[in-house]
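Here are some short exercises on backbone angles and helix packing. Try each task yourself, then follow the solution step by step.

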Amino acid sequence: MRRRQFITLLGGAAAAWPLAAQAQTKQMRRIGVLTPFAANDAEGQARLTAFAQGLQHAGWIVGQNIRIEYRWGDGKADTMRKYATELVALAPDVILASSSAVAPLLEVTRTIPIVFAGIGDPVAGGYVDSQARPGGNATGFTVFEYSIGGKWLELLKEVAPRVTRIAVLRDSRVAAGPGLFGAVQALAPSIGVDLRPVDVRDAGEIERAVTAFAQSPNGGLVVFGSPGATIHRDLIVTLAAKHRLPATYSARYFATAGGLISYGPDFLDQHRRAADYVDRILKGEKPADLPVQAPTKYELVISLKTAKALGLDVPQTLLARADEVIE
């Protein structure tokens, strides 16, 4: 989704849904959106486009009955806190928090409704009391269960059976990190691999750690989903190619950027579903009463181009399970 298309969708939607708009109240409602993605990031634009499409489907039309205030991030905690404060000061009716944006928002408001998408473990993060009964001003959609960590490890061994050493790229600040790493640790001995955790908060740290790890043979990468990995995804994919390290990733956009294989939830679907929760809140429901929901769609994407560059023969059984194969 190009930036011009994204802006056109948000600003020119009034003509597309005139009948739906008539069914809504004439009162102009305000929605805040906070995302850690930069404004020119294609993945961030695609997610918020899906969110806007979901709002349109529910009859909320930008410029007619809603106004959306966007704040785009840069991956830095200070920036996210600044924009969270700005959005809360505008007193929107509800805020969409994409990925890591929920934490800074909850630091500045416990009253404005928040719908999150792309969160690993909202209970461990302290965002909700429980998934069934959130209890506060936030609810939304999680991205995976901890068992998916073992799945990433299994996929890597399936596509690259010679791998015996694995660097696990993770963000130690993410609440779901210990649970995911625990799932990988539990499986590692049974499939004969040694693990090394690598933090992904800083580009220089990532490059030094991966370069050092690659000096010994039979290495591979498992890249957890985190804001740091997403922001530095081009660097991580480039390093994997440079050092000929087979790697599995948590989301489709890693594979489309040149990564070997990815398995994870459909983030666009999550943002469309988040629009439904925003709609329900605007119509009077409370976040405390809306249960946190798990993903309903997962995607397995394999890049044959990258496999060939690494000298790997992808098993036909694995290709048959793929939702998308990149030639």
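**Exercise 1.** Locate Ala91 and describe its backbone and exposure.

*Solution.* Start with the place: Ala91 sits in the loop between helix 4 (77–89) and strand 3 (94–98), where helices (H or I, at least four residues) and strands (E, at least two) are DSSP runs numbered from the N terminus. Before going on, note that this is a predicted model, in which local features need pLDDT of at least 70, side-chain atom pairs count only at pLDDT 80 or more, and totals for chains, interfaces and linings use all residues. Residues are numbered from 1 along each chain as its sequence is written, and side-chain values use heavy atoms, leaving out hydrogens and water.

Next, the backbone: Ala91 is not a glycine, yet its phi is positive, about 55°. Most residues other than glycine have a negative phi. Finally, Ala91 is exposed, at a relative accessible area of 54% (buried is under 20%, exposed over 50%, partly exposed in between; 1.4 Å probe, protein chains only).

**Exercise 2.** Do likewise for Arg244.

*Solution.* Arg244 belongs to the loop between helix 10 (233–242) and strand 9 (247–249). Although not a glycine, Arg244 has a positive phi of about 55°. With a relative accessible area of 49%, Arg244 is partly exposed.

**Exercise 3.** Find which residues of helix 6 meet helix 7.

*Solution.* With contact meaning heavy atoms within 4.5 Å, Ile148, Gly149, Gly150, Trp152, Leu153, Glu154 and Lys157 in helix 6 meet Leu180, Ala183, Val184, Leu187, Ala188 and Ile191 in helix 7.
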